[in-house]
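Trainee: Got a minute? I'd like to go through this one with you before I set anything up.
Mentor: Sure, put it on the screen.

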Amino acid sequence: MKTVTATVSDPVGFHLRAAGRIVKLTKTFDSEVTIRYNGRSANAKSIMGLASLAAEFGTEVLIEVSGFDEDDALLKLVKLIEIDLAIAEDQQ
Amino acid sequence: MDTYQGIAASPGYAAGPVHAIRQRAIVPVRRTVRVSEVPDEIKRFGKAVEKARSGLRELIDRLASELGPEGSDILSSQLMILDDEMVWDATLAVIRLERINAEAAFGRTMGELAARFLEIEDETFRERVNDLRDVEQRVLRGFEDSDRPHLVSPDIPSVISARNLTPSDTALLGRNNVLGFVMDEGGNTSHVAILARSIGVPAIVGLKGRAVALKSGSQVAIDGTDGRLVTDPDQEILEKFILLTRQQVVVNQKLEHLKDVPAVTPDGHRVEMMANIELPVEVEEALARGAEGIGLLRTEYLFFQHQTIPTEDDQVRVYSEIVRRMDGRPVIFRTLDVGGDKVSDYLGAKREYNPFLGWRGIRFSLANRLLFKTQIKAIHRAGASGRIKLMFPMVTGLEELREARQVVAEALEELAAQGLEHDPDVPVGIMIETPSAVLAADILAAECDFFSIGTNDLIQYTLAMDRGNSRVSYLYRPLHPAILRSIRMTVEAGHRAGIPVGLCGEMGSETRLAEVLLGLGLDEISLHGAALPKVKQVIRWTDFTEAQRLVDELLKLGTADDADRWLAEYIAERKRQRERGDHE
């Protein structure tokens, strides 16, 4: 299992749209991914779970990944949360 | 017989029996199952979800055709909940580990999720709980064998009463036999209000418990123009309302022929008649009433309905639809106007101590450049489908206008670089709704292409009164000399600079003020579609020079009371003249 922190770049935080993008990416990996924030944790393959974290813009979340593709997953998730979420999906 | 006051959400009158809609909630009963039955329970859960999903899909299709794609998006998020991994995992785990029936396991999962959302100190998430409950009920209904609809349409013409109706409820209800709506919750922009206006039936919202207290079959009379509900009306009131309903039809028929004629005074002065709208579905009504364009397209709805920021493509879709349906007639887009009374927590606009003087309108947009630029790009892209103009709200000075124009320039550069189809040459105007914009109108006019006076805010800021505060709402006086002078100053400054000056705001919809607005020299009046034909009629039978004289007289008066009286006498005299004219 590997863990890393990431700063939320989405200007409105983990709302449904951001959660949806994280789920879409996470589902491409075999690894189990858990995201922790403010004493809560959520399965990163669940939109409702992620949204209920209510992680705000500029705060740090902890990403835990375990599985054979964990390195790849970690890298791509950090990029999504720290950089790509700042930009609307259709502008990338 | 009792009379209750609510919020007038759709004009008109109706009288008839109540059709009460009670949203019956299913409470799952918990029962223990044997280990051997667990696979069956899981199968039952799958089937119930499938039933809920196909029901939802059907509703989405129906709503999409009724409201356009943005209307159905609300329900798409419910589809996501149905397919959510956590919802499935948790439900199956409860069935397996605690060996209880599927509906109870699902109910508990959803309850826990809702509790988690309720803990979050953010309005948006708490509102999401309504979606969760809606989904929960949908699935629980899926467990039931019968396909009995949870919502029954009226068999005879009736007034629909409920706490509130969701878009899916109104889609299920249909339009047959609906005389009008009375709701306990909601405001002017709630779904029911918009639907009622688009199908042309009266609606009263915000009745705070009076609507659900109504029994099916009891008689009511509703006045959607003033927001009054009369329960168990006596014969006299009933007859009066039936008469009003009939008159309404007659007046509408009389005004019907005005649809395709321009608003030109007998002495040849032309005023453009435009409509204020918010949704694609309102375009039809605007055109049916003879609107020559959209003078105010509010864009907030899209941002509020989603409760997430719509993407550029989402916005392009909805905006283009409106522009396309207007078929070459101009559409004035007002960029996002949040804050004030339209606080949206999810956009980061937290409640403020003094919201109307706070972070709203163009201030909010300039502080959220990315969001602002995205919207401006979407609007310009929609321009490829017809004729559009761009308008900024709450401008108080040249700095804001210049900075906003800078964002427009950046947006255009990006659109060109991306090779996206768009209108590169969109006129840019501003709302005149603050006293500072009025006083600096000549300075502002030099750097923009048009003005549109927003009278609701202008009156509020000029007279320093909060319309929502019942203790001072008596100060809302459109004919206050300061207001008349402000409008005149703005029109003069605009015309000196050679730019057109329009007006959007409730003042435009008041028939009694039509001559005043004409005399003030406005080039364009934008108002609610329903009021358009009447105002046009007044303009068509009033000489421009006479209206100017009327305004000169009103401007000499010292108080709004005097001006109201003068205007009332003038209108009465004109009516007598017309009636004499008719007999000759």
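Mentor: Let's take the chains one by one and then look at a few residues.

Trainee: What kind of model is this?
Mentor: It's a predicted model.

Trainee: OK, chain A. How many helices and strands are there in chain A?
Mentor: Three helices and four strands. Starting at the N terminus, the order is β-α-β-β-α-β-α.

Trainee: What radius of gyration does chain A have, against that of a compact globule?
Mentor: Chain A comes out at 12 Å, and a compact globule of 92 residues would be near 12 Å, so the two agree. The C-alpha trace spans about 30 × 30 × 20 Å along the principal axes.

Trainee: And what share of chain A is buried?
Mentor: 54% of the 92 residues. The accessible surface is about 4000 Å², and carbon and sulfur atoms account for 52% of that.

Trainee: How about charges in chain A?
Mentor: There are 10 positive and 14 negative side chains, with the centres of the two sets 4 Å apart.

Trainee: Switching to chain B. How many helices and strands there?
Mentor: Chain B has 22 helices and 17 strands. Its radius of gyration is 26 Å, which agrees with the value near 25 Å for a compact globule of 584 residues.

Trainee: What size of box do the C-alpha atoms of chain B fill?
Mentor: Roughly 90 × 70 × 45 Å along the principal axes. Chain B exposes about 25400 Å², with 50% of that from carbon and sulfur atoms, and 54% of its 584 residues are buried.

Trainee: What about contacts between residues that are at least 6 apart in sequence?
Mentor: In chain B, 67% of those contacts join residues at least 24 apart. For chain A the figure is 71%.

Trainee: Where do the charges of chain B sit on average?
Mentor: The mean positions of its 72 positive and 90 negative charges are 3 Å apart.

Trainee: Let's do packing. Which residues touch the most other members of the largest nonpolar core?
Mentor: That core has 91 residues, and the ones touching the most other members are B:M273, B:F392, B:I430, B:F451, B:I487 and B:V516. There's also a core apart from that one, with 66 residues, including A:F14, A:V23, B:V49 and B:L56. So that second set has members from both chains, A and B. As background, nonpolar side chains in soluble globular proteins tend to be buried together.

Trainee: What does B:F392 touch?
Mentor: Leaving out residues up to four places away in sequence, its partners include B:F372, B:I376, B:L401, B:V408 and B:I430. B:T335 and B:G429 are on the list too.

Trainee: Now some helices. Why call α1 of chain A largely enclosed?
Mentor: Because nine of its eleven residues, in the run 16–26, are buried. Among them are A:L16, A:I22, A:V23 and A:L25, and A:R21 is buried as well.

Trainee: What about the residue before it, A:H15: buried or exposed?
Mentor: A:H15 is buried, because its relative accessible area is 7% and the cut-off is under 20%. A:H15 lies in the loop between β1 and α1 of chain A. Its C-alpha is 8.4 Å from that of A:A55, 40 residues away along the chain.

Trainee: And α17 in chain B, what covers its buried residues?
Mentor: The cover includes β14, α15, β15, α18 and β16 of chain B. Six of the eight residues of α17 are buried, so that helix is largely enclosed too. B:D457 and B:Q460 are among the buried ones.

Trainee: Where is B:V135, and what does it touch?
Mentor: B:V135 is in helix α5 of chain B, and it counts as buried at 2% relative accessibility. Setting aside residues up to four places away in sequence, B:V135 touches B:Q78, B:I81, B:L82 and B:M110.

Trainee: Last topic, backbone oddities. Which residues should I look at?
Mentor: Most residues other than glycine have a negative phi. A:N38 isn't a glycine, yet its phi is positive, about 50°. A:N38 sits in the loop between β2 and β3 of chain A and counts as exposed at 66%. B:R99 also has a positive phi of about 50°. B:R99 is in the loop between α3 and α4 of chain B, and is partly exposed at 37%. Then there's B:A464, following α17 of chain B, with a positive phi near 50°.

Notes:
Residues numbered from 1 in each chain as written. Chains lettered and ligands numbered in written order. Predicted model: local features only at pLDDT ≥ 70, side-chain atom pairs only at ≥ 80, totals over all residues. Heavy atoms only, no water. Helix = DSSP H or I, 4+ residues; strand = E, 2+ residues; numbered from the N terminus. Rg over C-alpha atoms; globule rule 2.2 N^0.38 Å. Buried < 20%, exposed > 50% of the residue type's maximum accessible area, 1.4 Å probe, protein only. Contact = heavy atoms within 4.5 Å. Areas by Shrake-Rupley, 256 points an atom, 1.4 Å probe, with all protein chains shown as cover. Lys, Arg positive; Asp, Glu negative; His and termini not counted. Charge placed at Lys NZ, Arg CZ, Asp CG, Glu CD. Core = buried A, V, L, I, M, F, W, Y, C linked by side-chain atoms within 4.5 Å.
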